[in-house]
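This report looks at charged and polar side-chain pairs and at the surroundings of the residues that form them. Please read it alongside the sequence and the coordinates.

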Amino acid sequence: DEADKNVKTAFGRNTFLWSDHPKAMHVLRIVARARALASYSKTRLDIEGIENVDIEASSSKPWKECTKQLTREDRNLVEIFRAGAVSTHTRRTYCRQNDNSRTCHLCGQPIPPSMRHLVTECPHFQAARNAISSRWQLRSSWWSTLPRVSSKSGWITFQAHRCSSRRGELQVAICQMAVVIMCDPGTSISIHS
């Protein structure tokens with residue numbers, strides 16, 4: 001099949017991994033993404049949907065165009081988000097006893113201020129969700145359908161849309177929302193890049 005052909009083109013007759021051919025570099029990126037996803041701990045709270053992630057979405061034209069336009073700071077934020085390493089208040093206090101963070105300090109709802117809450121439903125970010133939804137022609141209800149792997153780390157799943165290019169756009173939309181959240185001074189998110 002085509003994937004095997006690309007691997008053979010990438011690796012040729014060599015017994016070691018080296019090639020600067022564009023198809024080889026693409027194969028290496030895909031393998032790296034697959035290995036990164038496979039290394040996620042099965043006990044992580046953001047694992048829901050990981051078995052359906054479209055690892056090619058990060059090679060789509062919409063994704064590539066978006067990432068080329070990012071500032072260095074925003075690129076760092078996207079990398080932190082995509083790694084599932086956003087240090088929200090919920091994440092920092094998850095294992096503590098007598099944790100009083102069960103209420104979102106931004107909207108007052110009795111919901112922990114997790115990245116999932118902030119991305120999908122926190123009223124504090126409704127204007128940003130509306131703007132991003134308008135830009136990418138999303139229904140407002142779309143955000144609440146995201147599996148945790150999408151809302152907490154920006155990976156898009158095959159269920160998000162039948163078209164691969166559209167999945168790339170949806171991945172961009174999620175990451176744009178994450179950058180808005182991570183830049184908001186009220187979120188009390190620790191950024192360590």
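## A buried arginine and its partner

In this predicted model, Arg166 has a relative accessibility of 15% and therefore counts as buried, the limit for that class being under 20%. Its side chain meets that of Glu169 in a salt bridge, with 2.9 Å from N to O. Glu169, by contrast with the buried class, is partly exposed at 22% relative accessibility.

The spacing of the two residues is that of a local pair: Glu169 and Arg166 lie three residues apart in helix α9, so that about one helical turn separates them.

## The salt bridges of the whole structure

How many salt bridges does a search of the whole structure find? The search returns three, and the pair of Glu169 and Arg166 described above is a salt bridge of this kind.

Another joins Lys61 to Glu65, where the closest N and O atoms are 3.9 Å apart, a value to be read against the cut-off of 4 Å. Both residues belong to helix α3, and because they are four residues apart there, they are separated by about one helical turn. Lys61 counts as exposed, with 60% relative accessibility, while Glu65 is partly exposed, its relative accessible area being 40%.

## A link between distant parts of the chain

Asp54 and Arg167 also form a salt bridge, and their closest N and O atoms are 2.7 Å apart. This pair links distant parts of the chain, since Asp54 sits in the loop between α2 (22–38) and α3 (61–69), whereas Arg167 belongs to helix α9 (residues 164–183), 113 residues apart.

Are the two partners buried or exposed? Asp54 is buried, with a relative accessible area of 3%, and Arg167 also counts as buried, at 7% relative accessibility. Because buried means under 20% relative accessible area, the values of 3% for Asp54 and 7% for Arg167 both place their residues in that class.

## Ser133 and its polar contact

Outside the charged pairs, Ser133 offers a polar case. Ser133 is placed in helix α7, which spans residues 126–136, and this serine is buried, with a relative accessible area of 6%.

Which residues does Ser133 contact once its neighbours within four places in sequence are left aside? The contacts are with Leu138 and Trp143. With Trp143 there is also a polar contact, in which the side chains of Ser133 and Trp143 are joined at 2.8 Å.

Key. Residues are numbered from 1 along each chain as its sequence is written. This is a predicted model: local features need pLDDT of at least 70, side-chain atom pairs count only at pLDDT 80 or more; totals for chains, interfaces and linings use all residues. Side-chain values use heavy atoms; hydrogens and water are left out. Buried means under 20% relative accessible area, exposed over 50%, partly exposed in between (1.4 Å probe, protein chains only). A polar contact is a pair of N or O atoms within 3.5 Å; within protein, one must be able to donate a hydrogen and the other to accept it, and residues adjacent in sequence count only if both atoms are side-chain atoms. Contact means heavy atoms within 4.5 Å.
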